Amino acid sequence: MSKNKKTLIRIVVALIVSVITLILKYTIDLNEWIQLGLFAAAYIVAGYDVLLKAVTNIFHGKVFDEHFLMTIATIGAFAIGEYADAAAVMILYQIGELFQRYAVGKSRKNIASLMDIRPEEARVLRNGEEISVHPSEIEVGEIFVVKAGDKIALDGIIQKGECNVDTSAITGESLPRKVSEGQTVLSGCINLDGVIYVTATGTYDDSTVAKILDLVENATSSKAPAENFITKFSKYYTPIVVGLAVLLGVLPPLVTAQFTDLSVWSTWLKRAMMFLFVSCPCALVISVPLGFFGGIAAASKRGILVKGSNYLELLAKVNTIAFDKTGTLTKGNFAVTEVYPKDNSKQVLELAAIAEQYSNHPIAISINKHAKAKCEAKVTEIAGKGLQAQTDYSTILCGNSQLMTDNGIEHPQASGGTVVYVAEKQNGDETGKFVGYIVIADEIKSDAEIAVRQLQQSGCKTVMLTGDNASTAKTVAQKLAIDSYFAELLPQDKVTKLNELKGKNTTVAFVGDGINDAPVLATADVGIAMGGMGSDVAIETADVVLMQDNPTAISTAKRIAKKTLNIVRENIIISLLIKFAVLVLSAVGVLDLVSFGLIIAILADVGVCVVAILNSMRAMLVSKK
């Protein structure tokens, strides 16, 4: 039986006993000793764990906590004859605890459903046969088979076959992705059709799915500064409150010279008990961590894994975002981004394809994706400059600016990536003619510009730190309207620049994906890694992991963090204000004058706790925008 069910049964039993006792009290004038016994039974059923915790903590040197306050307050209630109120306090406290566990359980369930990607079985090829084993039994280099409907057990490279894979559990991408021979696949993805043979590139413990699950399971292991504040706050708050309660119960009768009047002592003792009831900080102790957990759950539902609640709080305060370029703002692959002149782009690409048709260089592959060679050619490589292709009709020059200059061909200067100049000299002509140029560059991610704009609109300064050349960096920075950029940086240079960005009122986040980004990710106030295709080192070093690999997730994470922090602050303010108001009213006896008794104290403590818990659950809700 689950803990929640056990608690619910205890609450129901205690409630039934208490209600029956109250009915008998007012219908047949139940004997007071029987009342005491029945209410005490309900009290113990509902709150025995609180009493045990208080005693255990005292022996461990942790005297002043909410369990201690609950214990002495309720024992005091029995001492002054408020049996029903003592039982009610424990019952309502357990109801509040049940709310908390339900909310936490719900958020854990949300995370678990998101991360229900752990494969339980895999088919490995051994001695020419398919053998079903647990994924942890597959070694690096072994080939395993993934059939339609199966989860991919380990990270690996496809050796044979092709299929569509559902990557939504890992990357958040809703559309299936086509994969084929030579491509990398991640564990946890689902094969939608076809059969693929995959060579394992890592063990099960090193797989993407294992790392994701580990991140989620340990997501709340770190405490945020606000939670640390509550811990320190309780350390001083509890003894002060207990001391004030003692003074409230003892001083007034002594000062008014009424210390021989037992009714006066009873009145002030009751007020002291009310003071203790209200002063219990359980609303803060429960709702603050719950609020942060809700925020982490909300982020995980959007494919954003936060490694600790302290990072969620820091993320809300970030006002400067520094980006790596390759793999973060760009896709990390070569592609044709510009052809000049535009009205003659087809000829430029076709001539370049003739020269590049036999090459496996990434630049050649990019060009050949856009055009196919129209004829055979004898191609000669000119070291450090480019290629010369001889056809039946002409000589094609394809290479850098120096190749053009060496052949006396006038040409415009271009930038923004790797520039391939194309010229052609017809057979019989003495000089060649410039045809155009092709710019090969890393493609900018489709949502990178939107991401930068969203962050700027939220008040964040944007900076790009890249190891790429100044020309390429300038082009990307201008296209994305990034506030400033620094190029040609080694890993240690990035760390230096990031430290320069830090200031007294500046909280800096760095977003990266590569092994070379690990030092700066660790240096930043908040390190954010692209988790879909980012390096293992970057993911392990970062504080926040974006499994969708899209930059717009940064503003989503920041929005969730801000909402969570606002909810936590609301809980602290609401709890302290209500407690302070009731403490003052109970201390001066106003609540007694209107004959509310201890029920006001109960509602002010446990009621505020329930309100704070319900408010904290809002952190788990995240809008689609």
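The exercises below, each with a worked solution, concern a predicted model of a protein chain.

**Exercise 1. Overall composition**

Determine how many helices and strands the protein chain has, and what share of its residues is buried.

Solution. The secondary structure comprises 21 helices and 22 strands. The next step turns to burial: of the 625 residues in the protein chain, 50% are buried. The accessible surface is about 29200 Å², and carbon and sulfur atoms account for 58% of this area. Finally, consider the contacts with a separation of 6 or more: 65% of them join residues 24 or more positions apart.

**Exercise 2. The largest nonpolar core**

Identify the residues that touch the most other members of the largest nonpolar core, and the helix that supplies its largest share.

Solution. The core holds 40 residues, and those touching the most other members are Ile304, Ile321, Ile528, Leu546 and Ile554. Helix α19 (residues 552–587) contributes the largest share of this core, namely eight residues. Ile304 may then be examined individually. With residues up to four places away in sequence left aside, Ile304 touches Ala299, Val544, Val545, Leu546, Ala553, Thr556 and Ala557. Leu546 thus appears among the contacts of Ile304, and Leu546 is also one of the residues that touch the most other core members.

**Exercise 3. A nonpolar patch on the surface**

State which residues form the nonpolar surface patch, and explain why Tyr236 is classed as exposed.

Solution. The patch consists of Tyr236, Ile240, Leu244, Val246, Leu247, Val250, Leu251, Leu254 and Val255. Together these residues have about 840 Å² of accessible area. Tyr236 is located in helix α7, which spans residues 225–255. The relative accessible area of Tyr236 is 53%, and the class of exposed residues begins over 50%; Tyr236 is therefore exposed.

**Exercise 4. Salt bridges within a helix**

For the pairs Glu313–Lys317 and Glu500–Lys497, establish the N to O distance, the separation in sequence and the accessibility of each partner.

Solution. The model contains ten salt bridges in total.

- First pair: the side chains of Glu313 and Lys317 meet at 3.4 Å, N to O. Both residues lie in helix α10 (residues 309–317); because they are four residues apart, about one helical turn separates them. Glu313 is buried at 8% relative accessible area, whereas Lys317 is partly exposed at 40%.
- Second pair: for Glu500 and Lys497 the N to O distance is 3.7 Å. These two residues belong to helix α16 (residues 491–501) and stand three residues apart, which again corresponds to about one helical turn. Glu500 is exposed at 54% relative accessible area, while Lys497 is partly exposed at 23%.

**Exercise 5. A salt bridge between distant parts of the sequence**

Explain why the salt bridge of Arg618 with Glu570 ties together parts that are apart in sequence.

Solution. The closest N and O atoms of Arg618 and Glu570 are 3.0 Å apart, and the two residues form a salt bridge. Arg618 is in the segment after α21 (599–617), whereas Glu570 is in helix α19; the bridge therefore ties together parts that are 48 residues apart in sequence. Both partners are partly exposed: Arg618 has a relative accessible area of 34%, and Glu570 has one of 31%.

**Exercise 6. Cysteines**

Find how many disulfides there are, and decide whether Cys398 and Cys460 are buried or exposed.

Solution. The number of disulfides is zero. Cys398 has a relative accessibility of 1% and counts as buried. Cys460, with a relative accessible area of 4%, is buried as well.

**Exercise 7. Two valines**

Describe the location, accessibility and contacts of Val140 and of Val165.

Solution. Begin with Val140, which occupies the loop between β2 (129–133) and β3 (143–146). Val140 counts as exposed at 52% relative accessibility. Beyond residues up to four places away in sequence, Val140 touches Ala200, Thr201, Gly202 and Thr203. Its C-alpha atom is 9.0 Å from that of Gly156, a residue 16 positions away along the chain.

Val165, by contrast, is in strand β5 (residues 163–166) and is buried at 1% relative accessibility. With the same exclusion of sequence neighbours, Val165 touches Ile152, Pro176, Arg177, Val179, Ile190, Asn191 and Leu192. The C-alpha atoms of Val165 and Ile190 are separated by 5.4 Å, although the two residues are 25 residues apart along the chain.

Key. Residues numbered from 1 in each chain as written. Predicted model: local features only at pLDDT ≥ 70, side-chain atom pairs only at ≥ 80, totals over all residues. Heavy atoms only, no water. Patch = residues over 30% accessible without salt bridge, like charges linked within 9 Å, V, L, I, M, F, W, Y side chains within 5 Å. Areas by Shrake-Rupley, 256 points an atom, 1.4 Å probe, with all protein chains shown as cover. Salt bridge = Lys/Arg side-chain N within 4 Å of Asp/Glu carboxyl O. Buried < 20%, exposed > 50% of the residue type's maximum accessible area, 1.4 Å probe, protein only. Core = buried A, V, L, I, M, F, W, Y, C linked by side-chain atoms within 4.5 Å. Contact = heavy atoms within 4.5 Å. Disulfide = S-S within 2.5 Å.
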